[in-house]
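Visitor: Could you take me through one part of this protein slowly? I am in my first year, and I would love a close look at a single spot and how it fits into the rest.

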Amino acid sequence: MRRLLSFIAATVIAPALVAGPALAQDYPNKPINWIVPSSAGSQFDVLSRLITPKMSEALGQPIVIQNITGAGATIGAQVASEAAPDGYTVLLINANHPAGEALYPDLKYDLVESFDPVVRFTDSYHVIVVQKDPRRISGSRHSAIC
C-alpha cells in the first residue's frame with residue numbers, strides 16, 4: 001500500500017509541483033497598448049496622457065497611447081476587438097459609443113460581447129445652452145457652454 005501511495009505521489013503530485021511555476025506569469029511583462037478612439041488633444045486623450053504615466057510606473061511597463069480615430073470611435077473599437085484577449089490592449093470608450101451600433105449595422109464586433117469593462121474612467125457632464133433672446137446674436141452676450 002505504501003508503494004502505491006508513493007507511486008501516486010510521484011506520478012500525480014510531482015508534475016503538478018514542477019508545472020506550477022511555469023503556469024504563473026507576471027502581469028504585465030510587455031508594454032500595454034492603450035487605444036483612444038478620438039483625436040489627439042481630445043478630452044479622453046488628455047485624460048489618458050495624465051493618468052497613464054502613473055499607471056506605467058506602478059505596473060513597471062510602458063503604456064503606449066494610440067489615437068485611432070474615425071467613424072464615431074468604431075474604428076478604434078474594431079482594432080481593439082481584433083487584438084488578443086490577453087489584457088495588453090485597453091480601449092477607452094465613452095457613453096456615446098453604443099450609438100455606433102445603431103449607426104453602423106455592419107460592425108464586426110459587439111460592444112457587450114467583445115469587451116470586458118474594467119473601470120469607470122471619468123464622469124463628464126455636458127450642457128448645451130442658448131441665449132434667452134435669439135434675436136440678440138451679436139454683442140457681448142454669446143451662447144455659453146457650461
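Guide: Happy to! Helices and strands here are DSSP runs, of at least four residues for a helix and at least two for a strand, and they are numbered from the N terminus. Read in that way, the elements of this predicted model follow the order α-β-α-β-α-β-α-α from the N terminus on. That gives five helices and three strands.

Let us settle on the start of one helix and the loop that leads to it. Threonine 74 has its place in helix 3, an element that spans residues 74-81. With a relative accessible area of 6%, threonine 74 is buried, because buried means under 20%. What does threonine 74 touch, not counting residues up to four places away in sequence? Its partners are His97, Gly100, Tyr104, Leu107 and Tyr109. There is a polar link to look at as well: a polar atom of the side chain of threonine 74 lies 2.7 Å from the backbone oxygen of alanine 71.

That brings us to the loop. Alanine 71 sits between strand 2 (63-67) and helix 3, and alanine 73 belongs to the loop between strand 2 and helix 3 too. Now look at the backbone angles. Most residues other than glycine have a negative phi. Alanine 71, however, has a positive phi of about 55 degrees, although it is not a glycine. Alanine 73 also has a positive phi, of about 75 degrees, and is not a glycine either. How covered are they? Alanine 71 is partly exposed, with a relative accessible area of 31%, whereas alanine 73 counts as buried at 15%.

The backbone has another feature worth a look, this time in the loop between helix 1 (2-23) and strand 1, where proline 28 is found. Most peptide bonds are trans. The bond from tyrosine 27 to proline 28 is cis, with omega near -10 degrees.

Helix 3 also leads us to the largest pocket, which holds about 1,300 Å³ of space. Of the 37 residues that line this pocket, Leu91, Ile93, Pro117, Val118 and Val119 are the closest to its centre. Helix 3 is one of the elements that give two or more residues to the lining, along with strand 1 (32-36), helix 2 (43-59), strand 3 (89-91) and helix 5 (111-114). By type, the lining residues divide into 24 nonpolar, nine polar and four charged.

Helix 2 deserves a short stop, since leucine 47 lies there. Leucine 47 is partly exposed, with a relative accessible area of 23%. Leaving aside neighbours within four places in sequence, leucine 47 is in contact with Phe121 and Thr122. Threonine 122 is 75 residues away along the chain, yet the C-alpha atoms of leucine 47 and threonine 122 are separated by 8.7 Å.

Finally, let us step back to the whole protein. Among its contacts with a separation of 6 or more, 64% join residues 24 or more positions apart. Buried residues make up 22% of the 146 residues, and threonine 74 is one that is buried. The accessible surface comes to about 11,100 Å², and 61% of that belongs to carbon and sulfur atoms.

How values were computed. Residues numbered from 1 in each chain as written. Predicted model: local features only at pLDDT ≥ 70, side-chain atom pairs only at ≥ 80, totals over all residues. Heavy atoms only, no water. 1 Å grid on protein atoms, 1.4 Å probe; cavity = no way out; pocket = protein on both sides within 12 Å on 5 of 7 lines; lining within 4 Å. Points joined across faces, edges and corners; volume = space filled by probe spheres on them. Nonpolar A, V, L, I, M, F, W, Y, C, P; charged D, E, K, R; others polar. Buried < 20%, exposed > 50% of the residue type's maximum accessible area, 1.4 Å probe, protein only. Polar contact = N/O pair within 3.5 Å; in protein donor to acceptor, adjacent residues only side chain to side chain. Contact = heavy atoms within 4.5 Å. Areas by Shrake-Rupley, 256 points an atom, 1.4 Å probe, with all protein chains shown as cover.
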